[in-house]
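The following account leads through the model displayed below, beginning with the surfaces that face the nucleic acid and ending with the packing of helices.

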2 protein chains.
Amino acid sequence: MSYPPGYRIERERNRTEKAGDIARAKAIQAAIELFSTSGYNKSSIAEVALRTGLSQSGLLHHFPNKTALLTAVLEQREKEDSEFLFGEGAAPLGWAAFDSLLALVARNSTRPEWIGLFVRISAEATEANHPANQWMLDHYRSTRQWLTQAIEDGKRTGEILPDVPVDAIVRNTIAVLDGLQQQWVAEPDSMSMVAELRVYLDQLRSAWGNPQQ
Amino acid sequence: MSYPPGYRIERERNRTEKAGDIARAKAIQAAIELFSTSGYNKSSIAEVALRTGLSQSGLLHHFPNKTALLTAVLEQREKEDSEFLFGEGAAPLGWAAFDSLLALVARNSTRPEWIGLFVRISAEATEANHPANQWMLDHYRSTRQWLTQAIEDGKRTGEILPDVPVDAIVRNTIAVLDGLQQQWVAEPDSMSMVAELRVYLDQLRSAWGNPQQ
DNA sequence: GTCTATACCTCGATAGAC
DNA sequence: GTCTATCGAGGTATAGAC
């Protein structure tokens, strides 16, 4: 029996890559937890390394610099959120889009690190030369695009009234999400993001929903 | 002609205090501008000193440490905001309270540093041992108290429906304010906080306002 | 792939002269 | 009231051994 050429080397590479990937994933997780409470600026890669069980240089073997670590963290967050929201299929449209926001908030209420991460990083990233600045702008733009499309589709199917002020509702909805997260990070036990958001969404529906449907 | 005892000394003290106060005020202004773009953690007192026209030690003569500088900045912001909102008289109640929020946002739209300052600091301050943590908690609590009282009073006078979900509306309104500020700091030219907030407030009124009045 | 050692920087705060 | 000088801590990143 013979192996295809290069098999041994391939196998070896895969094994080591896998070991490396475990350390990498562990580091990303540690970074998420640290960034979520201390933000990016104030967090040190040494502390991330410590929580990962590596030395600082050991960590920097997996990420060339601090910025690369941040990038990996943001990619992970973006990936998990969009998988939850859109899964395999198409993005929900009409009021269903707003319902899925509620579902996302419900899920994230059980993952405080994720809310903290977003609140801290997106505030820091308003600075033009922050390494997450472009990510933040992209995140807002794509969210606005999706919600705009959702409302337009709702108008088309008739479940949303045609004279709805689309842009304002899109921005206000995002604002409520962000603002509730901010309050929740400050005092998690004093409120339910889901309950508050539901009131807002009911209000939206009663103001702009088609009463015929 | 004789002077009251200690007059000369008093006069001297006032003169020097005044000179000191000018440097102090200038430093606070410089700190506001720097903190509003870089946040507190990332800003250095050396940079504040530079913009003030002092050396680092010169600045630290007026503020014992960096925290004291932050405190002075926050006191200034709180003072100006509450003077604008409440002035000499009593706090506005009922729907008038929400109108005055709109007026505040309109004014602050012309002072980007103030919005930036709040967005950056309040996000950083969600960390429990951040020097502005208590300030942030107090700020939210007192805002909630005022708005809660405003709605209760509106119910009493009949301009607000009695079955309004008070807590949720208070928190959502604060969330919209904070969230719009966040978006505006990220991209000031892409939106009008006043226009978006007005849509939200109209929605509130149409959902919970008494149609009889 | 992980480590130790280290270069180099920035920061907050203090000491002490003027 | 403001300055220069300096200390000590903590940060990112690199060099090089294993």
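Helices are here DSSP runs of H or I with at least four residues, numbered from the N terminus. The model is predicted. With helices numbered in this way, helix 3 of chain A and helix 3 of chain B each supply at least two residues of the surface near DNA strand D. The largest share of that surface, 4 residues, comes from helix 3 of chain B.

Around DNA strand D there are 15 residues, of which A:Gln56, A:Lys66, B:Ser55, B:Ser57 and B:His62 come nearest. Of the atoms of this strand that come within 4 Å of the protein, 51% belong to sugar and phosphate. Individual polar contacts show both kinds of partner. A base nitrogen of DNA strand D lies 3.0 Å from a polar side-chain atom of A:Gln56. The backbone is involved at two phosphate oxygens: a backbone N or O atom of A:Lys66 lies 3.0 Å from a phosphate oxygen of DNA strand D, and a backbone N or O atom of B:Ser55 lies 2.6 Å from a phosphate oxygen of DNA strand D. By class, the surface near DNA strand D comprises 11 polar, 3 nonpolar and 1 charged residues.

The surface near DNA strand C can be read in the same manner. Here 16 residues surround the strand, and A:Ser55, A:Ser57, A:His61, A:His62 and B:Ile45 come nearest. At least two residues each are supplied by helix 1 (7–42) and helix 3 (56–62) of chain A and by helix 3 (56–62) of chain B. Helix 3 of chain A provides the largest share, 4 residues. Sugar or phosphate accounts for 50% of the atoms of DNA strand C within 4 Å of the protein, and bases account for the rest.

Three contacts from chain B illustrate how DNA strand C is approached. A side-chain N or O atom of B:Ser57 is 3.3 Å from a base oxygen of the strand. At the phosphates, a polar side-chain atom of B:Lys66 lies 3.0 Å from an oxygen of DNA strand C, while a backbone N or O atom of B:Ser43 lies 3.4 Å from a phosphate oxygen of DNA strand C. The surface near DNA strand C has 12 polar, 3 nonpolar and 1 charged residues.

Attention now turns to helix packing, beginning within chain A. The axes of helix 4 (residues 66–86) and helix 6 (residues 112–124) of chain A come within 12 Å and cross at roughly 125°. These two helices of chain A, helix 4 and helix 6, are therefore oblique to each other, and their crossing is left-handed. Helix 4 of chain A contributes residues including A:Leu70, A:Val73 and A:Leu74, which meet a set in helix 6 of chain A that includes A:Trp114, A:Phe118 and A:Ile121. The residues of this contact divide into 8 nonpolar, 1 polar and 3 charged.

Between the chains, helix 8 (residues 166–186) of chain A packs against helix 8 (residues 166–186) of chain B at an angle of about 105°, with the axes 6 Å apart. That angle makes helix 8 of chain A roughly perpendicular to helix 8 of chain B. Among the residues of chain A that take part are A:Arg171, A:Ile174, A:Asp178 and A:Gln182, and among those of chain B are B:Arg171, B:Ile174, B:Asp178 and B:Gln182. The contact of these two helices has 8 nonpolar, 8 polar and 4 charged residues.

Note on methods
Residues are numbered from 1 along each chain as its sequence is written. Chains are lettered from A and ligands numbered from 1 in the order in which they are written. This is a predicted model: local features need pLDDT of at least 70, side-chain atom pairs count only at pLDDT 80 or more; totals for chains, interfaces and linings use all residues. Side-chain values use heavy atoms; hydrogens and water are left out. A residue is near a molecule or strand if one of its heavy atoms lies within 4 Å of it. A polar contact is a pair of N or O atoms within 3.5 Å; within protein, one must be able to donate a hydrogen and the other to accept it, and residues adjacent in sequence count only if both atoms are side-chain atoms. Ala, Val, Leu, Ile, Met, Phe, Trp, Tyr, Cys and Pro count as nonpolar, Asp, Glu, Lys and Arg as charged, and the others, Gly among them, as polar. Axes are lines fitted to C-alpha atoms, for helices over the stretch in contact, and angles run from 0 to 180 degrees between N-to-C directions. Angles under 35 degrees count as roughly parallel, over 145 as roughly antiparallel, 65 to 115 as roughly perpendicular and the rest as oblique. A crossing is left-handed if the near helix is turned anticlockwise from the far one by less than a right angle, and right-handed if clockwise. Contact means heavy atoms within 4.5 Å.
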